[in-house]
Amino acid sequence: MHILKKTVIAISCFVCPIAAQASENYISVGATHLGGNDVSASGAGFSWASFSSKEQNIGFIVTSSLAKEDKSDFFSTRHATLKVFDVNVGPIFKVQNLSWLRLYPLVGISHANMEGCIGNICASEDKNEFNYGAGLQLDIPTTNIYTEFNIKRVMGDFNKTNMYFGVGYHLSNTFD
């Protein structure tokens with residue numbers, strides 16, 4: 001988990017000064033679902049995209065999500081918990097003649113914490129895995145509101161798919 005915390009701090013140090021100078025920011029919050037091979041974890045996430053000016057067609061995006069699943073065996077004392085946190089970055093592109101559409105690829109790190117207990121005996125395991133994905137943002141006409149969808153594939157031993165659906169708001173800097 002220490003590697004992931006350092007990654008979040010490093011991204012924050014890079015992103016915050018750029019956000020203060022950005023002319024267009026897109027911020028969304030939403031629901032995330034992680035699935036595959038006996039896993040069905042749900043949670044929440046957010047994304048933030050930034051462009052340096054309204055005329056700029058290329059910006060950058062940062063996304064993060066946390067999904068959790070609890071499993072218990074009703075007839076015994078077995079219990080298991082899975083928590084998956086991810087951080088992703090990538091470029092975001094405004095589509096030239098479709099001003100209501102933005103597309104982006106993502107790369108990042110997923111941290112999974114698995115804990116299992118049988119009675120009072122518990123064990124846990126942490127894994128950090130690479131992930132990649134893509135997403136899109138669709139503006140709702142005549143508003144500053146948009147919808148967002150992205151999908152990420154977690155690689156390695158974990159090998160799961162994470163989907164995010166969010167609703168966001170477009171903030172535009174009027175100081176230009």
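Two strands are taken to pair if DSSP finds at least two bridges between them. Helices (H or I, at least four residues) and strands (E, at least two) are DSSP runs, numbered from the N terminus.

The legends below describe a predicted model, in which local features need pLDDT of at least 70, side-chain atom pairs count only at pLDDT 80 or more, and totals for chains, interfaces and linings use all residues. Residues are numbered from 1 along each chain as its sequence is written, and side-chain values use heavy atoms, with hydrogens and water left out.

**Figure 1. Strand 1 and strand 8 run antiparallel.** Strand 8 comprises residues 160-172 and is joined to strand 1 by twelve bridges. Within this pairing, A31 has F165 of strand 8 as its bridge partner.

**Figure 2. Strand 1 and strand 2 form a hairpin with two residues between the strands.** Strand 1 (residues 24-36) pairs with strand 2 (residues 39-51) in the antiparallel sense, over 13 bridges. N25 is found opposite S50 of strand 2. In the hairpin, N37 adopts a positive phi near 45°.

**Figure 3. Strand 2 also pairs with strand 3 in the antiparallel sense.** Nine bridges connect strand 2 to strand 3, which covers residues 58-72. Here F46 faces S64, a residue of strand 3.

**Figure 4. Eight strands close into a barrel.** The order around the barrel is 1-2-3-4-5-6-7-8, with antiparallel pairing. From one strand to the next, the twist averages 20° (axes are lines fitted to C-alpha atoms, for helices over the stretch in contact, and angles run from 0 to 180 degrees between N-to-C directions). The secondary structure of the chain amounts to one helix and eight strands, and its elements follow the order α-β-β-β-β-β-β-β-β from the N terminus on.

**Figure 5. The surroundings of N88 in strand 4.** Strand 4 spans residues 78-95. N88 counts as buried because its relative accessibility is 0%; buried means under 20% relative accessible area, exposed over 50%, and partly exposed in between (1.4 Å probe, protein chains only). The side chain of N88 makes polar contacts with the side chains of D86, at 2.9 Å, and of N131, at 3.3 Å. A polar contact is a pair of N or O atoms within 3.5 Å; within protein, one must be able to donate a hydrogen and the other to accept it, and residues adjacent in sequence count only if both atoms are side-chain atoms. With neighbours within four places in sequence left aside, the residues in contact with N88 (heavy atoms within 4.5 Å) include I61, V62, T63, L106 and K152.

**Figure 6. The disulfide of C117 and C122.** A search of the whole structure finds one disulfide, defined as a pair of cysteine sulfur atoms within 2.5 Å. The sulfur atoms of C117 and C122 lie 2.0 Å apart. The torsion about their S-S bond is about 110°, so the disulfide is right-handed. C117 is buried, with a relative accessible area of 15%, whereas C122 is partly exposed at 46%.

**Figure 7. Burial, contacts and surface of the chain.** Of the 176 residues in the chain, 38% are buried. Among contacts with a separation of 6 or more, 56% are made by residues 24 or more positions apart. The chain has an accessible surface of about 10,000 Å², and carbon and sulfur atoms account for 64% of this surface. Accessible areas come from the Shrake-Rupley method with a 1.4 Å probe; for residues, only the protein chains shown count as cover.
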